[in-house]
Amino acid sequence: MKKYLLAALCISFTIATNAQPERWQQKVNYTIDASLNVQTNIITGKENIIYWNNSPDTLHRIFIFLYWNAFQPGSMMDVRSRELGKKILGYTRTGKQVRDWDSRVRDRIENLKPGEIGYQHVNNVLVNGLKTSLTQHETVLEVDLSKPILPHSQNTVSLPFEAQVPVQIRRSGRDNAEGVRYSMSQWYPKIAEYDYEGWNVNPYIAREFYGVWGDFDVNITTDKHYMLAGTGTIQNPDEVGFGYGKVQGVPQKPSATTTWHFAAHNVHDFVWAADTGYILLKRQIPTGPLFYFVYKKKDAAQDSLWNKTADSVAYAYKNFIAKTFGAYPYKNYSFIQGGDGGMEYPMATLIKSGSRGTALHEFGHSWYQGVLGSNESLFPWMDEGGATYFETRTTGWLHRDSLWYLKSLKGYFNLVKSRLEEPMSTHADHYNTNYAYEEAAYSKGATFYEQLSYIIGNANMDKFLLAYFNIWKFKHPNANDLIRVAEKVSGLELEWYKQYWIYSTKTIDYGINSVSSKDNHAVVTLQRIGLMPMPLDVLVTYKDGSYEMYNIPCNMMYGHKPAENNYYKWIFAPEWFWTSPTYDLELSKPLNEVQSVEIDHSQRMADVDRTNNVWKVQ
């Protein structure tokens, strides 16, 4: 009987185990041969693609992005920008309207002339050698297959393309405000991601991206006087010149063009930029990556700024970033002046200037966007908030200032006051205002990470950052994947935090009602005023100069964080049930010995009204 029972248990366990969905993901390898004519601003090319359908599904169609079609009058990006620009956010002190423009786009697309627009034309796509039927939806090309792509199969896709580089408006384009000739993002026809939620086909209206990991083998031929920088590692450095290899400056050759050969392994996008006035700085990290800093020569002050930023980023990576967030997994990374501001891509970023803060923020995307690769459209805060947290945490370390994150808190508080806040679960493209999107993704997103350290403790937060990166790199984690790692590291239940902070706009507000005496002990009566429950750190200062830190866990945590430091005596109080609006905290000493009581002395909790957080003896 025992034998049969054991067998039944084993079968049940096997079924339960196999019932857990495996996080499969597609793979795509690109071989791209392209030529850029710098007189006409036309780029032509051909893609040969190997596409692995690792899903359990039969695919009857695929989707390909043609992003530059957004830069045409009347496009979705154009209309969306102009419609948001009609919204009035407020007024300046002089009475001028503050409109909800994306200042980079505004109504500029509407006024583009034929020679200034962007376009990408694909008229023929072969899948496994067979012709397909094409339907263009502006920035999305729907490819209906003659023969379906089977589950767990390897397939070939080939297509020629022609594109006109638009004037610089958003991310991509030519001749930006800093004078960079070409910022080439979203420049090639790109296969959309198909994952456990199906096809992710978001028409391009200027926001976020999501891509399929794979390898890129890219040849770009253009005027030999142009220096290039971008994703991947240059395979022919001595041939291209400009200091990548032994040759400095323009390569001496009879041909008027140079072919730049890039290769990148396991990335989900490819960006490059080109200019005749670029300067190259290098910073090699011992046993680590090689950093390229590429910018346009202007003056000595700019040279100094870029060199200081290069030194600072290299120093921070070696001594703090790799140890805190995980080792950067690629051979090199390029900080390239171009585009319309900070714009993240695998192994490279386009940045407007040599600002260290911008450089660190964009480098932070290498972890949250480049390697973890969350779906930025569905979870923009996981990436933008993560990169902002990366930036503030690293900058704080450089300055030896633990309060650097308060900038993010301020942005979140302003969002709450604006009454324009929407849940962070809102799709990036569908926020009602540009303002709400930006503050939710960046400020409230960064606050999510900083506040998580308040909930689980600093030591656990550092363990979480490394565990999250190492467990989920190259796997497209979602919000639940992130919170589960934090739970496993800390031993605490955190579903409530995800639900309140991400899926609602409920706010945190705690206050001290009174401090009284009972049985020769001081009693602090605390009140939950906001609708979001939280654990509390309550710092008590006594008249003799001693301190006690009382940690009150939220009952939904089923535990509490460990003591965070040795500055105070840590006392772990009973849990606070979230249904109770008040809580009596009994102190270890009598009332006449108490000097002050403060909720959240570290200011890591996003309490929207701190005026009631401190009680002092008058």
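A residue counts as buried when its relative accessible area is under 20%. By that standard S596, in this predicted model, is buried, because its relative accessible area is 13%. S596 belongs to strand β33, which covers residues 594-599. Leaving out residues up to four places away in sequence, S596 touches L539, V540 and T541, and also W615 and K616.

D238 offers a second case. This residue sits in helix α3, made up of residues 237-240. Partly exposed residues fall between the limits of 20% and 50%, and D238 is partly exposed because its relative accessible area is 41%. When neighbours within four places in sequence are set aside, D238 is in contact with G245, K246 and V247. With K246 there is also a polar approach: a polar atom of the D238 side chain lies 2.8 Å from the backbone nitrogen of K246. P251 stands 13 residues from D238 along the chain, and the C-alpha atoms of these two residues are separated by 8.5 Å.

Attention may now turn to the aromatic rings. The model holds 63 aromatic pairs. One of them joins Y30 and F216, whose rings are stacked, with 4.7 Å from centre to centre and 15° between the planes. Y30 is part of strand β1 (residues 27-37) and F216 of strand β17 (residues 214-223), so this pair ties together parts that are 186 residues apart in sequence. Y30 is buried, with a relative accessible area of 3%, and F216 likewise counts as buried at 3% relative accessibility. Another pair consists of Y204 and F209. The centres of these two rings are 5.4 Å apart and their planes meet at 45°, so the pair is tilted. Y204 is buried at a relative accessible area of 2%, and F209 is buried at 6%.

The remaining part of this account concerns the pockets. Rolling a probe the size of a water molecule over the atoms shows where empty space is left. The largest pocket has a volume of about 1,100 Å³. Its lining is formed by 47 residues, and those nearest the centre are R104, H361, E384, E438 and Y442. Five elements each give two or more residues to this lining: α2 (76-85), α5 (356-371), α6 (380-399), α7 (406-418) and α8 (434-456). Of these, α8 gives the most, with seven residues. By class, the lining of the largest pocket comprises 19 charged, 17 polar and eleven nonpolar residues.

The second largest pocket contains about 710 Å³ of space. It is lined by 29 residues, of which S402, Y405, E450, N458 and R604 are the closest to its centre. At least two lining residues come from each of α6, α8 and α9, the last of these spanning residues 458-472. Here α6 gives the most, with five residues. The lining of the second largest pocket is made up of twelve nonpolar, eight polar and nine charged residues. Helices α6 and α8 thus appear among the contributors to the largest pocket and again among those to the second largest.

Terms used
Residues are numbered from 1 along each chain as its sequence is written. This is a predicted model: local features need pLDDT of at least 70, side-chain atom pairs count only at pLDDT 80 or more; totals for chains, interfaces and linings use all residues. Side-chain values use heavy atoms; hydrogens and water are left out. On a 1 Å grid over the protein atoms alone, a cavity is a set of points where a 1.4 Å probe fits but cannot get out, and a pocket is an open set with protein on both sides within 12 Å along at least five of seven lines; lining residues have an atom within 4 Å of a point. Grid points are joined across faces, edges and corners, and a volume is the space filled by probe spheres set on the points. Helices (H or I, at least four residues) and strands (E, at least two) are DSSP runs, numbered from the N terminus. Ala, Val, Leu, Ile, Met, Phe, Trp, Tyr, Cys and Pro count as nonpolar, Asp, Glu, Lys and Arg as charged, and the others, Gly among them, as polar. Buried means under 20% relative accessible area, exposed over 50%, partly exposed in between (1.4 Å probe, protein chains only). Contact means heavy atoms within 4.5 Å. A polar contact is a pair of N or O atoms within 3.5 Å; within protein, one must be able to donate a hydrogen and the other to accept it, and residues adjacent in sequence count only if both atoms are side-chain atoms. Rings of Phe, Tyr and Trp (its six-membered ring) pair if their centres lie within 6.5 Å; planes under 30 degrees apart count as stacked, over 60 as edge-to-face and the rest as tilted.
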